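Q: Let us go through some labels that a structure report uses, and ask what earns each one.

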Amino acid sequence: MNAKKTFKLAVIPGDGIGSEVIDAGMKVLKQVEVNSQGEIKFESVYFPWGCDYYLENGKMMADDGLDQLKSFDAIYFGAVGYSNVPDHVSLWGLRLNICQNFDQWANIRPVRFYKGIPGKLANRSIEDHDWVLIRENSEGEYAGLGGRNLSGRGLGKEVAIQSALFTEEGCERIIRYAFDLARTRKRKRVTSVTKSNAQQYGMVLWDEVFARVSKDYPDVETNQWLVDAMAAQFILHPEELEVVVASNLIADILSDLGSALTGSLGLAPSANINPERRFPSMFESVHGSAPDIAGQGIANPIGAIGSAAMMLEHLGLKEESNDVMRAIEEATSKGFLTRDVGGTNSTIEVAEAIVENLSKNKVEN
Ligand code: NAI
Ligand code: MG
């Protein structure tokens, strides 16, 4: 029987634990196919890009890599970076290259607590609360503008300039994205985070755009925070958070904080979205390649599997996405946990428990 819905997935496992968590995610996607009884099919093509590829070829991805990826429905990404290549070379050569050239300007990073995984908050009663970070993903501090010069003056005399880019258009589209998302939530609230007392040009522009856009959403409550205070707020009063929108660097840092609060960096999923759908969007865990635990089969696969669930939703498979999230929650509540969250299970054991729950869910449905 021909599948009614066929999706072309570009799979880039990348470096370190990237391939381990992507293997886990692909097992879950396989089960989604099985559950659909032939309705859904994923045609996956693997790309070997990453640090080993760089050592062999002198580049992080093929010269025509972006052209190769263009025709896919989505990109499923592991992580990039290893000690054999400088981090700024590997990150810019692969992940940032894709995010920027495919204009994946909205990076969605839910902060979610799972049953059975003790979070790190003192006030445990809020652990059934979740919030979402919306990260500006195309400019800000990661615009890649700047340069180094004057090394010719001798040792210790070099200068470097790294400029952040804030365009009114870039600020407006991500802020509107946050407001639109807030409207889909029970408590409609957007919190904007900057450091505009010190960053008096770009981030003041951001603040002004936030104030202007908020007028179009009178039904959405707003507040504005400076990032240092917001870091404390994440720990002291996370129940106040719903949709949090911030620049590239600020939201990058806050998302690791959020992820750690839920119990581990291995838990948080993310979606790099090109909302206009001119290019494929890319789905990846928040964490990096974790070289300290790579190759041991103990990486937590939940961030990567949650990212696969976000990919399903983006592809219009909302019900299947919910099924995957339920299967994750069932696995954690039953105590299938990797070491980082206090368990003893391997990556594959956790993935298999999730697959098993998913297959049962279908029967029970
Ligand atoms: P990291 O996120 O890779 O690791 C930080 C800590 O969290 C480590 O102790 C690691 O063992 C732990 N951890 C991360 N993911 C885990 C998982 N799934 N299960 C259990 N524990 C987990 O960040 P780090 O060490 O700063 O960076 C390592 C490399 O990853 C660098 O080369 C960096 O440039 C790269 N990186 C890549 C990213 C990407 O591809 N999107 C994002 C962040 C870092
Ligand atoms: Mg990060």
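Q: What makes the pair formed by N300 and ligand 1 a polar contact?
A: The model is predicted. In it, a backbone N or O atom of N300 lies 2.8 Å from a nitrogen atom of ligand 1. The cut-off is 3.5 Å for a pair of N or O atoms, so the pair qualifies.

Q: How much of ligand 1 does the protein bury?
A: Taken alone, ligand 1 exposes 810 Å². The protein buries 72% of that area.

Q: Which elements give two or more residues to the shell around ligand 1?
A: Strand 3 (74-79) and helix 4 (87-101) do.

Q: Which residues are the closest to ligand 1, and how many surround it?
A: The closest are D87, G288, A290, D292 and N300. In total, 21 residues surround the ligand. They divide into ten nonpolar, six polar and five charged.

Q: What makes the A290 and S289 pairs with ligand 1 polar contacts?
A: A backbone N or O atom of A290 lies 2.8 Å from an oxygen atom of ligand 1. For S289, a polar backbone atom is 3.1 Å from an oxygen atom of the ligand. The limit is 3.5 Å, so both distances pass.

Q: Why is S289 called buried?
A: Its relative accessible area is 6%. Buried means under 20%, so S289 is buried. That area counts protein chains only as cover.

Q: Where is S289, and what does it touch?
A: S289 is in the loop between strand 12 (281-285) and helix 9 (302-314). Leaving out residues up to four places away in sequence, S289 touches D15, G16, I17, A79, V80, G81, Y82 and A294. A polar atom of the S289 side chain lies 2.6 Å from the backbone oxygen of G81.

Q: Why does N274 count as buried?
A: N274 has 0% relative accessibility. The cut-off is under 20%, so N274 counts as buried.

Q: Where is N274, and which atom lies 2.6 Å from its side chain?
A: N274 sits in the loop between strand 11 (269-273) and strand 12. A polar atom of its side chain is 2.6 Å from the backbone nitrogen of R278. Not counting residues up to four places away in sequence, N274 touches F102, D103, Q104, W105, F279 and S281.

Q: What is notable about phi in D103, and is D103 buried or exposed?
A: Phi of D103 is near 45°, a positive value in a residue other than glycine. Most residues other than glycine have a negative phi. D103 lies in the loop between helix 4 and strand 4 (106-111). Its relative accessible area is 15%, under the 20% limit, so D103 is buried.

Q: Why is Q37 called exposed?
A: Q37 has 65% relative accessibility. Exposed means over 50%, so Q37 counts as exposed. Q37 lies in the loop between helix 1 (18-35) and strand 2 (40-46). Its phi is positive, about 50°, although Q37 is not a glycine.

Q: How do you know that the span of helix 10 agrees with its number of residues?
A: Helix 10 (residues 318-333) has 16 residues. At 1.5 Å a residue, the helix should span 22 Å. Its end C-alpha atoms are 23 Å apart, which agrees.

Q: Which residues of helix 10 are buried, and what follows the helix?
A: The buried residues are S321, D323, V324, M325, A327, I328, E329, A331 and T332. Helix 10 is followed by G335, whose phi is positive, near 90°.

Conventions. Residues are numbered from 1 along each chain as its sequence is written. Chains are lettered from A and ligands numbered from 1 in the order in which they are written. This is a predicted model: local features need pLDDT of at least 70, side-chain atom pairs count only at pLDDT 80 or more; totals for chains, interfaces and linings use all residues. Side-chain values use heavy atoms; hydrogens and water are left out. Helices (H or I, at least four residues) and strands (E, at least two) are DSSP runs, numbered from the N terminus. Buried means under 20% relative accessible area, exposed over 50%, partly exposed in between (1.4 Å probe, protein chains only). A polar contact is a pair of N or O atoms within 3.5 Å; within protein, one must be able to donate a hydrogen and the other to accept it, and residues adjacent in sequence count only if both atoms are side-chain atoms. Contact means heavy atoms within 4.5 Å. The expected span of a helix is 1.5 Å times one less than its number of residues. A residue is near a molecule or strand if one of its heavy atoms lies within 4 Å of it. Accessible areas come from the Shrake-Rupley method with a 1.4 Å probe; for residues, only the protein chains shown count as cover. Ala, Val, Leu, Ile, Met, Phe, Trp, Tyr, Cys and Pro count as nonpolar, Asp, Glu, Lys and Arg as charged, and the others, Gly among them, as polar.
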